[in-house]
Amino acid sequence: MKRGLGIVLALTACAKSPSIPMPDAGTPAGPPSVAEVDPEPGAADSTAHFTVTFTAPMAEGQLLAGTGRSETVVLATAAQVEQVAAAIAHDSLTAVERALLVPTAAQIGEGHASLTLLPDAPLAAGTYYLLVSPRLKDDAGDKLQGNGARFEFEVAPAKAHATLLFPAPGAQAPLNLQMVRASAAQGTVALVAADGSVLASAPANGAVGLQVTSPLASGAGYWLSLDGAVDAAQGFTVSACPRTTPPSLQNGAVSLSVRDTSLVASFALDWPAETTLQIGLASDGEPCAKGACLSVSAAVTCAPDPCAAQAFVCPGSIAAAGLAPATDYVARIVATDDFGNTLRSAVQSFATLAPLPNLIISEVMATPASPETTAEYVELFNLGPGSAVLDGMGFMTADGIVRPLSATAPPTPVVLRPGERALATGTAFDPARYPSLPAQVPILRASTQRLLSHGLGDAAPQAFQLVSAGGVILSGFPGGSFPCAVNESLQRDETAQPGAAASFHCGPDGGTPGAPP
């Protein structure tokens, strides 16, 4: 971590100050302040992550808003900095004010003593400001020293360069290499040998292919140049082995993640190739058999060693949209490499999901025995027919903010089949609190310790709704006061349809998470 700017500055200042050391154990605590900023203010890379470290653990509910992003430690452009500085000084931001922020994900550090901002996309050239709200408080309720903080960063324009796509930089290329693939925004890209001779060249406007017409020498190195300037980091070496076989598909099959009108096909090849996902109706027998089919293409790039044993080191993923819901389809992968070799995978059958799942909020544990942070949960139940994919769903309260069920996207889609249940919880939820909870029940954890950012109300749990990834309301909890004892959950009448008004009643002590009432 770099040190240099640590003292809290007024929101109208940009001067540098020496860092403030973290207080020693046993030292009387004073008002919290900014101890460290990484990177140091000044020049910053377009892909930089920005970390602010405080002298004390800060209130988690202030570091992260209900959206899962920070509205107290933010990034702003020079054009918007004054409006943003004024906005974050207040308790909450409007939708218009949120739109002024540079979009960033936020990660709270260990012990709530730091926060890292991760921009959603590389930063364009220009001046940016990292702002810290003056309304921040620590866990003890002490307000941040001073009147907030502001740190200035300059992101320089990216330098023009050409990038090797295949072979990859530093990789071994096959002896019979015929095509070098590269990328550059503009200019003339060329492939040059060690003696400076040009083997191939082409004007660039994004991706470019350099056709190699003369044999390459085994063991020799070759490099890219842009407008005559050779880039030593963008080179490869030619191996002693040619490539003669078609691409091969790991396990001979594709993993299909299916939704109602779309799917994502994931697979692994042993060699880079231009890959096409073909989809047709199941009644046709195979894709494109009757001429009509959906085809989506993507390039799979990687750097396998031509002389090494076969290894499936080339992952690929292709998304396809425009499918009909609740329909039977067939799919296959066609992969063609730069040597004219083609792979055609076996045909796989799949069916798209129903448009909207019959998913309900079936149980709410709002008043668990202490500690509440480890035991609050909301149970979801799929009435069927059809499976329900929970990715992207969230809870929406009266403020209109949709709080995602999962803080991060799971590695594979969370699919809830008819009759199955799942739990939505905060990060602090402890499954050990419920020994009868079935092991196979999915647990989706939000971005904050408790549900709905600050937890469910004990005396009168607040109303909220389950919202699909597309913003459709699927089910709701009415909220209000219930004559239930501590550690009794609120259970829905599961005979009522998802869109109908349903009553909630007091359940047994400890609830029935992951199981019927």
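Q: What makes the largest pocket a pocket, and what is its volume?
A: A pocket is, on a 1 Å grid over the protein atoms alone, an open set of points with protein on both sides within 12 Å along at least five of seven lines. The largest one has a volume of about 360 Å³, where volume stands for the space filled by probe spheres set on grid points joined across faces, edges and corners. This is a predicted model, in which local features need pLDDT of at least 70 and side-chain atom pairs count only at pLDDT 80 or more, whereas totals for chains, interfaces and linings use all residues. Residues are numbered from 1 along each chain as its sequence is written, and side-chain values use heavy atoms, with hydrogens and water left out.

Q: Which residues line the largest pocket, and how do they divide?
A: Lining residues have an atom within 4 Å of a point, and 15 residues line the largest pocket, with Gly 68, Ala 106, Ala 407, Thr 408 and Ser 447 nearest its centre. Strand E5 (residues 104–108) gives the largest share, 4 residues, a strand being a DSSP run of E of at least two residues and a helix a run of H or I of at least four, numbered from the N terminus. The lining divides into 8 nonpolar, 6 polar and 1 charged, where Ala, Val, Leu, Ile, Met, Phe, Trp, Tyr, Cys and Pro count as nonpolar, Asp, Glu, Lys and Arg as charged, and the others, Gly among them, as polar.

Q: What makes a cavity, and how many of 30 Å³ or more does the structure hold?
A: A cavity is a set of points where a 1.4 Å probe fits but cannot get out, and the structure holds 1 of 30 Å³ or more. About 100 Å³ of space lies in the largest cavity, whose lining of 14 residues has Arg 403, Pro 404, Ala 446, Thr 448 and Leu 452 nearest the centre. Strand E29 (402–404) and strand E31 (421–425) are the elements that give two or more residues to this lining, and by class the lining has 7 nonpolar, 6 polar and 1 charged residues.

Q: Why is Thr 425 called buried or exposed?
A: Buried means under 20% relative accessible area, exposed over 50%, and partly exposed in between, with a 1.4 Å probe and protein chains only. The relative accessible area of Thr 425 is 0%, so this residue is buried. Thr 425 is found in strand E31, and, apart from neighbours within four places in sequence, it is in contact (heavy atoms within 4.5 Å) with Glu 376, Tyr 377, Ile 443, Leu 444, Arg 445, Ala 446 and Leu 451.

Q: How do you know whether Asp 458 counts as buried, partly exposed or exposed?
A: Its relative accessibility is 43%, a value in between the two cut-offs, and therefore Asp 458 counts as partly exposed. Asp 458 is found in the loop between strand E32 (443–445) and strand E33 (464–467), where, leaving aside neighbours within four places in sequence, it is in contact with Ala 366 and Thr 367.

Q: Why do Ser 453 and Asp 227 count as buried or exposed?
A: Ser 453 has 12% relative accessibility and so counts as buried, while Asp 227, with a relative accessible area of 57%, is exposed. Phi is a positive value in each, near 75° for Ser 453 and near 50° for Asp 227, and neither residue is glycine. Ser 453 is found in the loop between E32 and E33, and Asp 227 in the loop between strand E15 (221–226) and strand E16 (229–238).

Q: What makes a nonpolar core, and which residues of the largest one touch the most other members?
A: A nonpolar core is a set of buried Ala, Val, Leu, Ile, Met, Phe, Trp, Tyr and Cys residues joined through side-chain atoms within 4.5 Å. The largest has 26 residues, of which Phe 50, Phe 54, Val 73, Leu 130 and Val 132 touch the most other members. The strands that each supply at least two residues of this core include E1 (34–38), E3 (50–54) and E7 (126–132), and the largest share, 4 residues, comes from E8. Beyond neighbours within four places in sequence, Leu 130 has contacts that include Val 37, Phe 50, Val 73 and Phe 153.
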